[in-house]
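Trainee: Please take one part of this chain and go through it closely, then show me how it sits in the rest. I would like one connected account.

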Amino acid sequence: RRKTLLERKSISQSDFELTETALRQAEADVSRSTVLIERAKAEAAAAAANLEVLRARFEETEIRAPIAGVVISRNRNVGDLLSPGFELMQIVDPLSVVVYARFDESTIDVVRPGDMASVKFASDSQTPYAATVSRVGRQVDEETREYTVDIKLGVLPRNWAIGQRANVTILSETAPGIAVPQHFIVRQEGRAGVWTIRDGRATWIPVNVGFATGDDVEITSGLDVGTVVLDPEGRY
């Protein structure tokens with residue numbers, strides 16, 4: 001508009017130059033503002049990135065357990081310096097607690113998953129806890145000739161600890177047979193046997209034993225029904 005007015009001699013050359021100068025100043029202001037906007041955007045992006053870094057560092061100050069459970073041991077105290085690979089604490093899910101019981105290999109044929117069991121802990125030997133067999137081990141110890149059975153408890157004791165001792169009794173159906181108290185078994189030269197009465201005298205005879213149940217042990221062969229078996233303590 002000012003240029004058209006200048007051509008018509010409606011304004012002076014100095015007025016036009018002032019207007020042109022103002023235009024150039026406005027364009028420079030626009031360019032400077034554009035640069036400031038871009039700089040502000042860059043600073044905002046840098047601040048957002050720094051915020052994420054700080055948030056990540058803050059999250060590293062809080063250690064979250066991978067499972068919900070009970071802390072059974074703590075190896076570090078407040079104020080200790082932690083390093084990667086150091087154990088802080090141990091956490092156990094109570095639902096995953098299993099009692100490992102060992103039985104003689106002669107019983108492996110009658111123990112099956114799902115069998116009912118009774119567990120008595122050494123800390124409270126008078127209270128039985130109902131349980132079930134969850135797994136039967138398939139490896140026998142070459143020295144003890146025992147295998148492992150996993151027992152799943154229905155309810156844990158109020159106070160329990162990993163590694164505590166327990167006595168386990170598995171309820172399993174077996175064929176009727178002969179059983180004697182375990183302390184009646186007397187070994188001679190590596191063989192199991194019992195003392196019986198023959199012609200009014202105590203006589204030791206060898207027997208083959210099966211699995212134990214409670215305080216008794218199964219006799220698989222060597223004894224007949226009705227045979228009188230003596231307590232070793234009073235055989236004389």
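Mentor: In this predicted model, Asp199 counts as exposed because its relative accessibility is 82%, and the cut-off for exposed is over 50%. Asp199 belongs to the loop that links β10 (191-198) to β11 (201-206). Its phi is near 55°, a positive value in a residue that is not glycine. Most residues other than glycine have a negative phi. Arg145 also has a positive phi without being glycine, in its case near 60°. Arg145 sits in the loop between β5 and β6, and it counts as partly exposed because its relative accessibility is 35%, between the limits of 20% and 50%.

The loop with Arg145 leads to the sheet. Five strands form an open sheet, in the order β3-β6-β5-β4-β7, and their pairing is antiparallel. β3 (98-104) and β7 (166-171) are the edge strands; each has a single partner, so one side of each has no neighbour in the sheet. With direction ignored, neighbouring strands here are turned by 40° against each other on average. At the β7 edge, six bridges join β7 to β4 (residues 116-121), and these two strands run antiparallel. Within that pairing, Ala117 of the chain faces Ile170, which is in β7.

Strand β6 is a good place to look at two residues side by side. Asp150 lies in this strand. Asp150 is buried because its relative accessible area is 9%, under the 20% limit. Its side chain makes a polar contact with the side chain of Arg135, at 2.8 Å. Beyond its neighbours within four places in sequence, Asp150 is in contact with Val98, Val99 and Tyr100, and also with Thr132, Val133, Ser134 and Arg135.

Ile151 has contacts that include Val98 and Val99 too, again leaving aside neighbours within four places in sequence. Its list further includes Ala117, Val119, Val168 and Ile170. Ile151 is among the residues with the most contacts inside the largest nonpolar core, together with Val111, Val149, Val168 and Ile170. That core has 19 residues, and at least two of them come from each of β3, β4, β5 (124-140), β6 (146-153) and β7. A second core, separate from this one, has 10 residues, including Val180, Ala192, Val207 and Leu223.

Away from the sheet, Ile67 is in the loop between α2 (13-60) and β1 (70-74). Ile67 is partly exposed, with a relative accessible area of 44%. Leaving aside neighbours within four places in sequence, its contacts are Ile91 and Asp93. From C-alpha to C-alpha, Ile67 and Val186 are 51 Å apart in space, and 119 residues separate them in sequence.

As for the whole, the protein chain has two helices and 14 strands. Its C-alpha trace spans about 155 × 40 × 35 Å along the principal axes. The radius of gyration is 44 Å, whereas a compact globule of 236 residues would have one near 18 Å. Buried residues account for 20% of the 236 residues. Of the contacts between residues at least 6 apart in sequence, 53% join residues at least 24 apart.

How values were computed. Residues are numbered from 1 along each chain as its sequence is written. This is a predicted model: local features need pLDDT of at least 70, side-chain atom pairs count only at pLDDT 80 or more; totals for chains, interfaces and linings use all residues. Side-chain values use heavy atoms; hydrogens and water are left out. Two strands pair if DSSP finds at least two bridges between them. Helices (H or I, at least four residues) and strands (E, at least two) are DSSP runs, numbered from the N terminus. Axes are lines fitted to C-alpha atoms, for helices over the stretch in contact, and angles run from 0 to 180 degrees between N-to-C directions. A nonpolar core is a set of buried Ala, Val, Leu, Ile, Met, Phe, Trp, Tyr and Cys residues joined through side-chain atoms within 4.5 Å. Buried means under 20% relative accessible area, exposed over 50%, partly exposed in between (1.4 Å probe, protein chains only). Contact means heavy atoms within 4.5 Å. A polar contact is a pair of N or O atoms within 3.5 Å; within protein, one must be able to donate a hydrogen and the other to accept it, and residues adjacent in sequence count only if both atoms are side-chain atoms. The radius of gyration is taken over C-alpha atoms; the globule rule is 2.2 Å times the number of residues to the power 0.38.
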